[in-house]
Amino acid sequence: MAARSTIMDTNSYRAQDAANLAPGVRRLTERRDEVLGASYRLFYRNPVHLVRGAGQYLWDADGRKYLDVYNNVASLGHCHPAVIAAVTEQMQTLNTHTRYLHERILDYTDDLLSTMPGELDKAMYMCTGSEANDLAIRVAKAYSGGEGMIATTEAYHGTSELTSGVSPALGSGQPLSPTTRLVPAPDAYRLGPTAGPDGAGLGFWFADRVRDAIADMEEQGIRFAGFIADSIFSSDGVLPGPAGYLQEAAEVIHRAGGIIIADEVQPGFGRTGEAFWGFQRHGIVPDVVTLGKPMGNGIPVSGLVAKADVLAAFSDTIPYFNTFGGNPVSMAAAQAVLTTIREEGLQEHSRAVGAQLLSGLTGLAGTHSAVGDVRGTGLFIGFELVTDRATREPDRDLALGVLEQLRERGVLTSVAGPHGNVLKLRPPLAFQPADIDWLVGALDESLTALGA
């Protein structure tokens, strides 16, 4: 197998950069090297030493203010007071595991399920998105009786043994499972005429790729178990596509006896604006939905929601216990997130402010020929840089240079996609129209500084 690309090391500190660091930052990086495993990576060649956050802003040890355009962990905003209050109150009362009765997990589950299609009526809880996806894959295998999983070519779904086996974004150092098959992501920009006008043919094109992967499994004697993806294909380069285009692929998957796992760790909780969950934008009902990062706004909590009959294939025969999954403090944080999204109207906020941001970013294409494509929905936008608009040749070096320039202008983000040339713009939902000028202006200045 050819070496796979990875975005995990892009825009990161390297040992040879140490001589250029401020003394305090250099001391911290040296301490990390001494006591932490080498797998950890730091963003930026000049790492940022963060000490405080509030809303969409972060501050470093020198008191410099940054605009966070990357974090969907603190999805409501850093240090949201509603989450702090809920966690503090519950921690002062009780925190234990789920083998005792407690109302919080039940009340939260009722509320969570009310946001889902009626067919999705059972829930389980963990601490991380990796754990949720790991369990989802186990469910897929139990329900289907198969082993084969399909993911996209730059997908990231976690770091456990099972999830890393369907996460090519981890790079060639992390082998895929031999029963995993990869399909190209539905990239309307790079497919061009193949996708049809306004991406009308994208769904049929993608369904054909899924069908081919299932056929390949059958030829190799591998029984198909399921397909896992996030509906905006964020690690593949932020590919929203036209609403509804995943319906054809969903039909192919179900006809072949597999299940659909919707990984909502990135597009969920109102992020895409058009719907509360990313999959709802496409009018499909997955068999399993996995939740993570934004679920607790920084408190480690994740979940899995499934159709009862699908989950029963696993849960009726195999005990599952997660010491901290579903504990009262995590449930308090998760409930505060759901309540705040409603009370602050954050789904509609994401739709409206995201549209304004998309318009402002698209305007940069008029002055910078390196801007190849700007796409997104809600507060989830991909900003693709190319060497030539006619050939659409990706410009990874420019993208990494822009990230460093943005950091110097107080804007923090990262890249995505198989070529590492797409800026992944995913700010906390606290992002406001007033922040658009800061972001767009910093991008304009950065591209100009790099001669783009």
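**Notebook: D373 and the enclosed cavities**

I began with D373, which I found in strand 11, the run of residues 371-376. I kept in mind throughout that this is a predicted model.

I then asked whether D373 is buried or exposed. I noted a relative accessible area of 19% for D373, and because buried means under 20%, D373 counts as buried.

I looked next at what surrounds this residue, and I recorded a polar contact of 2.8 Å between the side chain of D373 and the side chain of R375. Leaving aside residues up to four places away in sequence, I listed Y189, G382, F383 and E384 as the residues that D373 touches.

I turned to the enclosed space and asked how many cavities of 30 Å³ or more the structure holds. I noted three such cavities, and I entered about 130 Å³ for the largest cavity. Of the 15 residues that line the largest cavity, I wrote down F227, A229, L246, I260 and I284 as the closest to its centre. I checked which elements give two or more residues to this lining, and they are strand 7 (224-229), helix 8 (247-255) and strand 8 (259-263). Sorting the lining of the largest cavity by class, I entered twelve nonpolar residues, one polar residue and two charged residues.

For the second largest cavity I recorded a volume of about 40 Å³, and I listed its lining as T152, A155, Y156, H157, A229, D230, F233 and D236. By class, I divided the lining of the second largest cavity into four nonpolar, two polar and two charged residues. I marked A229 in my notes, since A229 appears in the lining of the largest cavity and in that of the second largest cavity.

Key
Residues are numbered from 1 along each chain as its sequence is written. This is a predicted model: local features need pLDDT of at least 70, side-chain atom pairs count only at pLDDT 80 or more; totals for chains, interfaces and linings use all residues. Side-chain values use heavy atoms; hydrogens and water are left out. On a 1 Å grid over the protein atoms alone, a cavity is a set of points where a 1.4 Å probe fits but cannot get out, and a pocket is an open set with protein on both sides within 12 Å along at least five of seven lines; lining residues have an atom within 4 Å of a point. Grid points are joined across faces, edges and corners, and a volume is the space filled by probe spheres set on the points. Helices (H or I, at least four residues) and strands (E, at least two) are DSSP runs, numbered from the N terminus. Ala, Val, Leu, Ile, Met, Phe, Trp, Tyr, Cys and Pro count as nonpolar, Asp, Glu, Lys and Arg as charged, and the others, Gly among them, as polar. Buried means under 20% relative accessible area, exposed over 50%, partly exposed in between (1.4 Å probe, protein chains only). A polar contact is a pair of N or O atoms within 3.5 Å; within protein, one must be able to donate a hydrogen and the other to accept it, and residues adjacent in sequence count only if both atoms are side-chain atoms. Contact means heavy atoms within 4.5 Å.
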